[in-house]
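Work through the exercises below with the sequence and the model open. Each task is followed by a solution in steps.

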Amino acid sequence: MKKAATGIRGFDDIALGGLPAGRTTLVQGGAGAGKTIFALETLVHGARDFGEPGIFVCFEEDPTHLRENAQAFHWGLDGIAEKDLHFFEARPDRDMIRSGDVDISGLLAVLQALVKQMGAKRIVFDALDMLLAEMANPDVIRREVHRLNDWLHEMGLTAIITSKVYVTDSSPWGHPPMDFIEFMVDCSIMLRNEIVNGASQRHVRISKYRGSAFQENETPFVVGAQGIDVAFIHGSSKAVILESAERMSTGHPDLDDMLEGGYFRGASILFTGYPGTAKTTFCATFIAAACLRGEKSLFISFVSREDEIVRNLQSVSIDLKPHIDSGMLRMVSARALRGSGETHMLTIRTLAHEHGATCIVTDPLSALSKSGNRGSAPGVAERLIDWAKSEGITVICTSRLDDADQLDEARPLQISTIADTWIHLSYDLHAGERNRRLSIIKARGTGHSNQVQEFALTDAGVKFKDVDTSAGGDMLVGSQRGPRERSADVVMREREAADAREAARMNGEIAQLEGGIAVLNAQLEARRLEAKAITERTAEQEGDTEQERDPVRDLRGD
Amino acid sequence: MIELKHPVEPALAPNHTVVRFRLYVAGNLPNSRRAVANLRAYCAEYLPGRYELEILDVYEVPERALEDRIALTPQLLAETAHGTRRIAGDLSDKASLVDAIDTTRVG
């Protein structure tokens, strides 16, 4: 089947090419659902990009107002000639007196002349329900809708009919359902706008497409300065995954070594960890290195103000300010941004395009989960990663582990399955010290160290420490590295506990690799073993005291 | 059959104000044919010798229809001394026609 591309971002992907060319499409949705924008944008792209002039027939809105409103979109409307995009006034005359049966031949005759004159290929009947409301009875409506349909077929126009009344419902003016329209058209599209948790959520769904496969699920979309932007979908035709063998420095030579050369360009890197585990620091290290190489970068923070981030990072010797001043780095605090995850994603895409960014930090990615998406719509975070990949943009994102249970889609474990590299940060509180650890849980396509690395945040930045495994396989951190004076028995027990702990941790990592929740349980188990070791050690010491006291007890004759 | 183009009919009575009718029809559709017949009957009864009638087919002169913003057909434009009235339909409702044109005030 021949398709007429709408040019609407993302829509032609779900419609596998566009609307049926030379056929009629019905677009339904309530007030404010985006029908008029959808229809108008299809005409704008037709006239501007595909050499297909179009006519926009207004049954409800004043064409002058509509044109003015459409200027708000960056469509270059002023550059499109009247002969390529014609707004046709067809609002009913309020003073018109009615006397008996009418038909719409006058309209069709006038449009026919206009179509010939312009060589029009596309036409929109916007708010056809308003015209049909002029009709006296259902039989007349049916007759005139068929007249319109026959005319459209004869003219071979790619047509969009919009209706704010669902044709399967009775109309507010008491007409019975006009569901025959749905049977008549070749393609039927539903648009929906609802408020979820205070954020506007728009969805598009193709409910019918004669002679063509299509993406059946409801897909989120947003309306931005460029017009409609339908969510990026896995496996869509544009999702050309750019596989790159090029490595990029993580910004830290030791971490580069652990990853055997750094991150892949175009990869998605996820840092997980509890608050305060230096996730943002690792993102900033990468971004600073990128800026130094001359790569435009974008840093989006959903938690802090720009100046706060810059100041905080200065304390670990990462100075982003020169990069901001030179224009290499654009910092955006999206904390104040209202709207859904979809809106945030659109904002990120727009910012990235404007800035020409090749590296993006999203801190944290979980902020994108504020989407009201339900059902089978792919998660916003996943789509962001897919989109970045298709553009060859490297994305570093963070995700807090402790919001795992509050999220519905940006769950670290879910994102981790699509992220190329997953690095987990943690710390232990031990002997009054906070010992930081980094483990590379997965790094797709690269060799990588499976060693849990200890590092410190110093005023000179991140410092990795040489791994000390002298305690029989367990990693000694912090003050444990010092000389130890303990009884052989205690050491033995500690080793056993340490072995068990290490085994539990390894099991944990295996589970993480499988993307399973088991990791958290394994960590919990490790903690329990530690606790048990401490309890046993304490009990043992008490036992020693008991034994020493026993002879005394004997003497007392107890 | 319907007269097309713009025949002016019938003879005028010179000293009276006339009502100018422009009736847009669409080809040979039944409601268009009825509109012509109904308008003729009305004129004969209420405006003998005091009207001009121009019958236009939207398919033949779409530019005129565009100019007059004709969407629904048949449609009658009646120019009276008191302004232009638009009446859409086959003019089967004579009462509304009488009311719209307000013949008592004509001339």
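The model is predicted. The exercises begin with a hairpin in chain B and end at the contact between the two chains.

**Exercise 1. Describe how β3(B) and β4(B) are connected and paired.**

Step 1. Look at the connection: β3(B) and β4(B) make a hairpin, with 2 residues between the strands.

Step 2. Look at the pairing: the two strands are antiparallel and share 6 bridges.

Step 3. Locate a residue pair: Gly83(B) in β4(B) lies opposite Thr80(B).

**Exercise 2. Find the partner of strand β1 (residues 19-25) of chain B, and state the sense of the pairing.**

Step 1. The partner is β3(B), residues 75-80.

Step 2. The sense is antiparallel, and 5 bridges are found between β1(B) and β3(B).

Step 3. One facing pair is Arg20(B) and Glu79(B), the latter in β3(B).

Step 4. Combine this with Exercise 1: β3(B) pairs with β1(B) and also with β4(B).

**Exercise 3. Give the order of helices and strands in chain B, and set out its counts beside those of chain A.**

Step 1. Read chain B from the N terminus: the order is β-α-β-α-β-β-α.

Step 2. Count the elements: chain B has 3 helices and 4 strands, while chain A has 16 helices and 23 strands.

Step 3. Take burial, where a residue needs 20 or more other C-beta atoms within 10 Å of its own to count as buried. In chain A, 44% of the 558 residues are buried; in chain B, 34% of the 107 residues are.

Step 4. Take the contacts between residues at least 6 apart in sequence. Of these, 71% in chain A join residues at least 24 apart, and 70% do so in chain B.

**Exercise 4. Set out the open sheet of 9 strands in chain A and identify its edges.**

Step 1. Write the order: β17-β16-β18-β19-β15-β20-β21-β22-β23, with mixed pairing.

Step 2. Find the edges: β17 (329-333) and β23 (461-464) of chain A each have a single partner strand, so each has one side without a neighbour in the sheet.

Step 3. Note the twist, which averages 20 degrees from one strand to the next.

Step 4. Examine the β17(A) edge. Strand β16(A), residues 297-301, runs parallel to β17(A) and is joined to it by 5 bridges; Ser297(A) has Leu329(A) as its bridge partner in β17(A).

Step 5. Examine the β23(A) edge. Strand β22(A), residues 453-458, pairs with β23(A) in the antiparallel sense over 4 bridges. The two form a hairpin with 2 residues between them, and Ala456(A) faces Lys463(A) of β23(A).

**Exercise 5. Are α12(A) and α13(A) roughly parallel or roughly antiparallel, and which residues meet?**

Step 1. Recall the two quantities required: packed helices are described by the angle and the distance between their axes.

Step 2. Read them off: the axes of α12(A), residues 341-355, and α13(A), residues 380-390, come within 10 Å and cross at roughly 15 degrees.

Step 3. Classify the angle: angles under 35 degrees count as roughly parallel. It follows that α12(A) is roughly parallel to α13(A).

Step 4. Assign the hand: the crossing is right-handed.

Step 5. List the contact residues. From α12(A) come Gly341(A), Glu342(A), Met345(A), Ile348(A) and Arg349(A), and from α13(A) come Val380(A), Arg383(A), Leu384(A) and Trp387(A). By class, this contact has 5 nonpolar, 1 polar and 3 charged residues.

**Exercise 6. Which strands of the sheet does α13(A) touch?**

Step 1. Name the strands: α13(A) packs on the sheet against β15 (268-273), β18 (359-363) and β19 (394-400) of chain A.

Step 2. Give the direction: α13(A) makes about 145 degrees with β15(A).

**Exercise 7. Characterise the contact between chains A and B.**

Step 1. Count the residues: chain A gives 20 and chain B gives 27.

Step 2. Identify the elements on the chain A side: β6 (97-98) and α4 (105-118) each give two or more residues. Helix α4(A) gives the most, with 7 residues.

Step 3. Sort the chain A side by class: 9 nonpolar, 5 polar and 6 charged.

Step 4. Check for strand pairing across the chains. β6(A) pairs in the parallel sense with β4(B), residues 83-88, over 2 bridges; Ile87(B) is the bridge partner of Ile97(A).

Step 5. Return to Exercise 1: β4(B) pairs with β3(B) within its chain and with β6(A) across the contact.

Conventions:
Residues are numbered from 1 along each chain as its sequence is written. Chains are lettered from A and ligands numbered from 1 in the order in which they are written. This is a predicted model: local features need pLDDT of at least 70, side-chain atom pairs count only at pLDDT 80 or more; totals for chains, interfaces and linings use all residues. Two residues are in contact if their C-beta atoms, placed from the backbone, lie within 7 Å. Ala, Val, Leu, Ile, Met, Phe, Trp, Tyr, Cys and Pro count as nonpolar, Asp, Glu, Lys and Arg as charged, and the others, Gly among them, as polar. Two strands pair if DSSP finds at least two bridges between them. A residue is buried if 20 or more other C-beta atoms lie within 10 Å of its own, exposed if 12 or fewer, and partly exposed in between; C-beta atoms are placed from the backbone. Axes are lines fitted to C-alpha atoms, for helices over the stretch in contact, and angles run from 0 to 180 degrees between N-to-C directions. Angles under 35 degrees count as roughly parallel, over 145 as roughly antiparallel, 65 to 115 as roughly perpendicular and the rest as oblique. A crossing is left-handed if the near helix is turned anticlockwise from the far one by less than a right angle, and right-handed if clockwise.
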